[in-house]
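Good morning, everyone, and thank you for making room for me today. Please have a look at the structure on the screen before I begin to describe it.

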Amino acid sequence: MKKLVVNVNLHDDRDRSKAMQVVSGFGGIGSLSMDSKDNKLTVSGDFDPVKVVNKLRKSWHTEIVSVGAAKEDDGKKGEGKKEEGKKDDQVANLVKAYEAYYSTPVTYYCVPPEETPNCVIC
């Protein structure tokens, strides 16, 4: 997990939402937050910080504040796992209910022997 903090020169809410949308398009982004007062964008997750900064620099003036390993809180981390476990159980139950209600039909094909000749038509 990496944590990237950049200072992005954004003028209005439209630029802020565009910057958030651009960064959220990258794979491996865990969390994304924006401090409107200081124009600091904080990105954490398993991603390439160089690609994120280069993409932001194409549209806005961007300065890197810090790049490093993300620190996770032990209390929050345990609660998140419990909630994810509950969500996984709920999803699994819904999938089972869906499969029971909408069962896939089984179709068997039988070809009579008269329709398959042994000779080749020339």
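I will go through the sheet, then the helices, then the core, and finish with one residue.

Please keep in mind throughout that what we are looking at is a predicted model.

Let me begin with the sheet, which is open, has 4 strands in the order β2-β3-β1-β4, and is paired in the antiparallel sense. Its edge strands are β2, residues 29-35, and β4, each of which pairs on one side only. If we ignore direction, neighbouring strands of this sheet are turned by 15° against each other on average. Within the sheet, β1 and β3 are joined in antiparallel fashion over 6 bridges, and the residue in β3 that serves as bridge partner of Val6 is Leu41. Helix α1 packs on the sheet, where it touches β2 and β3, and its direction makes about 165° with that of β2.

The other helix I want to discuss is α2, which lies across β1, β3 and β4 and runs at about 15° to β1. Which residues of α2 are buried? They are Pro49, Val52, Val53 and Leu56, in a helix that spans residues 49-57. Looking down the axis of α2, we find these buried residues within an arc of 95°, so they line one face of the helix. The face turned away from that buried side carries Val50 and Lys51, which are exposed. As for what the buried residues of α2 pack against, the partners are β1 (2-8), α1 (13-24), β3 (40-45) and β4 (62-69).

This brings me to the largest nonpolar core, which has 13 residues, and in which Val6, Val8, Leu41 and Leu56 touch the most other members. At least two residues of this core come from each of β1, α1, β3 and α2. If we set aside residues up to four places away in sequence, Val8 touches Asn39, Leu41, Leu56, Trp60, His61 and Thr62.

Let me finish with Thr62, which has its place in strand β4. Is Thr62 buried or exposed? With a relative accessibility of 5%, Thr62 counts as buried, because the cut-off for buried is under 20%. The side chain of Thr62 reaches the backbone oxygen of Trp60 at 3.2 Å. Leaving out neighbours within four places in sequence, the contacts of Thr62 include Val6, Asn7 and Val8, and also Val53, Leu56 and Arg57.

Thank you for listening.

Technical notes:
Residues numbered from 1 in each chain as written. Predicted model: local features only at pLDDT ≥ 70, side-chain atom pairs only at ≥ 80, totals over all residues. Heavy atoms only, no water. Buried < 20%, exposed > 50% of the residue type's maximum accessible area, 1.4 Å probe, protein only. Arc of directions from axis to C-beta. Contact = heavy atoms within 4.5 Å. Core = buried A, V, L, I, M, F, W, Y, C linked by side-chain atoms within 4.5 Å. Pairing = 2+ DSSP bridges. Axes fitted to C-alpha atoms, helices over the stretch in contact; angles between N-to-C directions. Polar contact = N/O pair within 3.5 Å; in protein donor to acceptor, adjacent residues only side chain to side chain.
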